[in-house]
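Student: Could you take me through one part of this structure closely? I would like to look at the place where the two chains meet.

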Amino acid sequence: MATNPMHQFNVYRIGPEVKIAGIDISFTNSSLFMLLSAGAICIFLLLGTREKKLIPGKMQLVAEIFYNFIAKMISDTAGSKAKPYFPFIFSLFMFVLFCNMVGMFPYSFTVTSHIIVTLIMAMFIFVAVTVIGFIKHGFKYLKIFVPSGVPVLLLPLITIIEIISYLSRPVSLSVRLFANMMAGHTMLKVFGGFVISLGLLGGWLPLSFSVALTGLEILVAFLQAYVFAILTCIYLNDALNLHH
Amino acid sequence: MTNFNDFKTRLKIAKSNLKKTDEDSAKEASFLGNAFKLGTELVAAVAVGTIIGFILDSWFGTTPWLIVIFFFVGAAAGMLNVVRTAKRMQK
């Protein structure tokens, strides 16, 4: 059981089985770690904003860095029109980041290593951005599929290509996060298994790899959260500032 | 108080240096993020194109043809995605 590198991704039920209209909505280890991440974010931000000093303490400083980081990212990529969406993008970034980071603890579960979780988030963003685009521009939003300056003969083909490109957004967004997290954690587990099977004599090499990979995984955890948030900003920018 | 102006300019220089390094590190992080992005951009569009072809095929009963056509259209869309991402990286 413990040597199977994919065992860490098992989702199992905690507590009683709950079914509503044939859909299993029982509390699982995945839900537990989602709650843990959300709770950790709340505690971290509450501690950070408890004392609002002019010269910030350590917690307040870290909270302010996160705030500035996201605020700067939004204004750089999507402009001032995207200011009202700051709370959403900030929550999204913090949730993905904390889920990734909580997954780095031994014996914990990585919520974002399941494609269903990342796909639901990506689909929500995709639908929301499309709806925002239609609300802001009406049917003019469809111009995003018709680039200007294209010969009439090529227009149907280009439009189909543009539509596929648009539809591929949630897929690439979710697959990137899921694949990165799953591959990294599987690799960590495989190298961990090598340490045990090679024993005291040969186990040092995979152990050193494991240490290096842990560092890399922490970088990837941060980077993927960042990429997820910045792509949301870019999609939002396309919807808010139509420039095709 | 004779050194007051001197201190002000030193503070200004320190602040501008701080700003510069901040921007540099943010840029580097986003380059790495963009590098991770390119691969999935290409694959995702090919996958979506193929799936659309598969669905249309089963609707119209034209089995291998639309899936083949939409595979190549999806590949074109993937290249378009990659070119766009690369252009955004250069900005």
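**Where chain B meets chain A**

Tutor: Happily! Here, 20 residues of chain B are in contact with 14 residues of chain A, where contact means that the C-beta atoms of two residues, placed from the backbone, lie within 7 Å. On the chain B side, helix H1 (4-60) and helix H2 (63-90) each supply at least two of the touching residues; helices (H or I, at least four residues) and strands (E, at least two) are DSSP runs, numbered from the N terminus. H1(B) gives the largest share of that side, 14 residues. By type, the side of chain B that touches chain A has twelve nonpolar, six polar and two charged residues. Nonpolar covers Ala, Val, Leu, Ile, Met, Phe, Trp, Tyr, Cys and Pro, charged covers Asp, Glu, Lys and Arg, and polar covers the others, Gly among them.

A word on the source: this is a predicted model, in which local features need pLDDT of at least 70 and side-chain atom pairs count only at pLDDT 80 or more, while totals for chains, interfaces and linings use all residues. Residues are numbered from 1 along each chain as its sequence is written, and chains are lettered from A and ligands numbered from 1 in the order in which they are written.

Now for the partner. Chain A contains six helices and two strands, arranged along the sequence as β-β-α-α-α-α-α-α. Its C-alpha trace spans about 70 × 55 × 45 Å along the principal axes. Of the contacts in chain A with a separation of 6 or more, 66% join residues 24 or more positions apart.
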